[in-house]
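Good morning, colleagues. Today I should like to walk through a few local environments and then some helix packing. Please have the structure open before you.

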Amino acid sequence: MDTKQSLLTGSSSPVTQASCSVQLRGHGRGREGQGAGQEGQDAQVAMRLLQSEPEEEPEVELTSDITALLMLWQPRYRKRAVIFLSLAVLLIFTTAFLLGFLAFRGSCHHCRSPEGELLDGSAFLDQTTERGGLYLGELRDMLKKYLQEETINNTVRRFSRMSHPAGSSEGDTLATEVLAFFKKLPMDHTWTDSHYATLQFPSRTQRNALWLVDQGGAVLEQIALDSPLDYCAYSATGSATGGLVYANYGRSQDFELLRSWGVPLGGAVAVVRVGELSFAEKVWNAQRAGVGGLLIYPDPADVPQDPRRLGLYSTAAISEHVHLGSGDPFTPGFPSFNHTQFPPTQSSGLPTIPAQPISANVASRLLSQLSGPVPPQQWRGRLPYVGYAVGPALSSGDGRQVRLAVYNTLSTVRLNNIFTSIEGRVEPDQYVIIGAQRDSWGPGAAKSAVGTALLLELARTFSAMVQNGFQPRRSILFASWDAGDFGSVGATEWLEGYLTMLHLKAVAYFSLDQAVLGDDRLSVYTSPLLTSLLEGAIKQVEHPKHPGQSIYSHAQNQGHSWRSQIVKPLYLNSGAYSFTAFGGVPAMELHFTEDSRSYPLVGSQWDTAERLQEALQGRVGQVAGRVGQLVGQMALRLTHDHLLPLDYPEYSNSVLGFSNHLAQHSAELQARGLSPQWVFSARGDYHRAAESLRDAIMNSDVRDAQLTHLYNTRIMRVEYYFLSQYVSVLESPFRHVLHGRGDHTLSALTEHLALLRSAPHRFQEDRFHRQLALLTWTLQGAANALGGDVWNIDNLF
């Protein structure tokens, strides 16, 4: 206190003088290049400063020794102290700024990457640091560097050298080759998962047949089918005899129009063209319309038929399965680990009428004989000498009819799904799955060989990345599926076998099936949860046909939003469909296609590597490489980011569209005593739960491992929440209310709602009330689950 007072008043004491002298001497020694003479001068200056006392000293009120010294020292020392003080303040400010930045970085939920990509807080954190010391940008460059397009070309040729259907010796040979390839890679785990499934094949003793018969059923003429290998797997067997009816694409509205024109459908044999729907949906619609049998042909208007310009031969048919479902239809909902342990049952999606593919030549011969009403222009294809009358009578006028006989046989076949995996370093119990169909009824270059080649190359690429420093947080599984041509049988049986575990652990699934059908346009069939992830990927990958443009920029330059051009809903025959609609796992399938026409040879015996290369002018490997980059980049984000980049609020927007549609019918519904209010309320609860979770993440430190794991658990189960718990998996295996099939789905409810105006007499209030309840409570359950713990949910009634 005495020292402080002496400094403030300018008085001195021996102690003060000595201490100041010592301090200044020490300071002088610390300066480089100063001698003893300078030290003495400094001491004398200091003593004079302390001993000199002004005659009139202004009154000051200083509160610190440092400030007093600055006021008393001569300018040279005062400037030095100011510099030191400024540096100290700058250091404190910089430290505080860095601490604040790190805290903000951990909680920021919407930031931009250097490429302009929208990131959540964890992704922003992962852009700058990773446990393995690699940046996400470095990993993207590594992926592009290691992915070899020429290797893909060679594998496509090797895997499409012959037909290799499931259960055949050729199929087993390819399975052994895939397993050997996986075992050579430095992977953590490689294994085989086998199932026994019931598949249907053409009979070896009796060919499917088609005849013209008289009114008494006597055969007048046999119409030869072009190939004994053409068939529809899981068709009903037996025969159907009746008048011949042309039904366009076999859509439900096509059969409705035939009814409105007075065309009798009961027991008739219908002819429909390839396109618009899967074969299974065509057969299902025909069956519901009362048709007795179905013939499916490729019309030149839909499938090019000039082989000189890469078209289908007019004698070629296209084969496809007709089970309205996926997996083994004789163990619906059960895994086919051992077929002897299950009670005799069958899928409700198996058809009850025979179906057979035919060539354009056979279709032309039949349809050219039809009489009856003339359909509108949009029903008319390009078969030569065909007027496209709808029947059912033949122009001969003698009462002739058509008889179709199908003799396919069932066989129990051992299926082999082959896996390899890279185990995650932080959350190994969370899986990102990449898969492809391996089998094919024909050579299957586009159908299965491209997907298998991409699968093997991605597995090799990721294993090389791990060897060079990549340490994925989550596990990556690479799966080669068997019996894909029969309706994703191998993949679905695996899902059925491990569903209770997979819905807790599977983050997402990417299907590589039919990835290259052209090089003009990218079409992505996906769950809404993956659309934001896709957006980031297409901004990073160059378009295969437009150098210098990303896929995103090329789509934007077309004048429409990229979503409207690229994103499409999952479809029944997609390799990704069962993962989402049955398993509740976000899934995606990517196709590059042509703008002008589709690749015509899928499902035929002419789907060879040579023809596919001809269609793409030798660029199959390049286009497949772009798909590999897209899938690889999305898999990188999912295995690298602290928080899973799944767009869980997107389902709120999906339901909002239906809510608006429902509101347009509110007057008609209220007139019938029905209220859509509960759907609006459930949608609002889901939206609030999604926003609440988003806000919680924004205000959290995503480097907290326990908290991040809790958030990820809630995010990755969102898709599973939309599987209706109120319908039987045996009767309605595709329980997803938005992507599934059945009366519980949003599409069925929308279709029924349309009857209020188109056909009010067919609207069923009880059925609609039940549909509304199923949708409402599934949506409300998803909102409650997304909301977290039960004490976070406040339902007021």
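I begin with histidine 503, which is buried because its relative accessible area is 15%, below the cut-off of 20%. Please bear in mind throughout that this is a predicted model. Histidine 503 belongs to helix 14, which covers residues 489-505. Which residues does histidine 503 contact, once its neighbours within four places in sequence are left aside? They are Gly583, Arg717 and Tyr720.

The second histidine I wish to discuss is histidine 591, located in strand 18, residues 587-593. Is histidine 591 buried or exposed? With a relative accessible area of 4%, histidine 591 is buried. Its side chain has two polar partners that I would point out. The side chain of glutamate 589 makes a polar contact of 2.7 Å with the side chain of histidine 591. In addition, a polar side-chain atom of histidine 591 lies 3.4 Å from the backbone oxygen of aspartate 513.

Aspartate 513 also appears in the list of contacts of histidine 591 that leaves aside neighbours within four places in sequence. That list continues with Gln514, Ala515, Leu517, Arg521, Leu522, Ser523, Tyr525 and Tyr571. As for glycine 518, 73 residues away along the chain, its C-alpha atom is 8.2 Å from that of histidine 591.

Let me turn now to helix packing, with helix 13, residues 445-467, as the common partner. Helix 7, residues 136-146, crosses helix 13 at roughly 130°, and the two axes come within 9 Å. Helix 7 is therefore oblique to helix 13. The crossing is right-handed. On the side of helix 7, the residues involved are Leu139, Met142, Leu143 and Tyr146. They meet Glu457, Arg460, Thr461, Phe462, Ala464 and Met465 of helix 13. By class, the residues of this contact are seven nonpolar, one polar and two charged.

How does helix 9 lie against helix 13, and at what angle do they pack? Helix 9, residues 169-184, packs at about 15° to helix 13, with the axes 10 Å apart. An angle under 35 degrees counts as roughly parallel, so helix 9 is roughly parallel to helix 13. This crossing is right-handed. Helix 9 contributes Val178, Phe181 and Phe182, while helix 13 contributes Thr452, Leu455, Leu456, Ala459 and Arg460. The contact of helix 9 with helix 13 comprises six nonpolar residues, one polar and one charged.

Arg460 of helix 13 thus takes part in the contact with helix 7 and in the contact with helix 9. Thank you for your attention.

Key
Residues numbered from 1 in each chain as written. Predicted model: local features only at pLDDT ≥ 70, side-chain atom pairs only at ≥ 80, totals over all residues. Heavy atoms only, no water. Helix = DSSP H or I, 4+ residues; strand = E, 2+ residues; numbered from the N terminus. Buried < 20%, exposed > 50% of the residue type's maximum accessible area, 1.4 Å probe, protein only. Contact = heavy atoms within 4.5 Å. Polar contact = N/O pair within 3.5 Å; in protein donor to acceptor, adjacent residues only side chain to side chain. Axes fitted to C-alpha atoms, helices over the stretch in contact; angles between N-to-C directions. Parallel < 35°, antiparallel > 145°, perpendicular 65-115°, else oblique. Left-handed = near helix turned anticlockwise from the far one by under 90°. Nonpolar A, V, L, I, M, F, W, Y, C, P; charged D, E, K, R; others polar.
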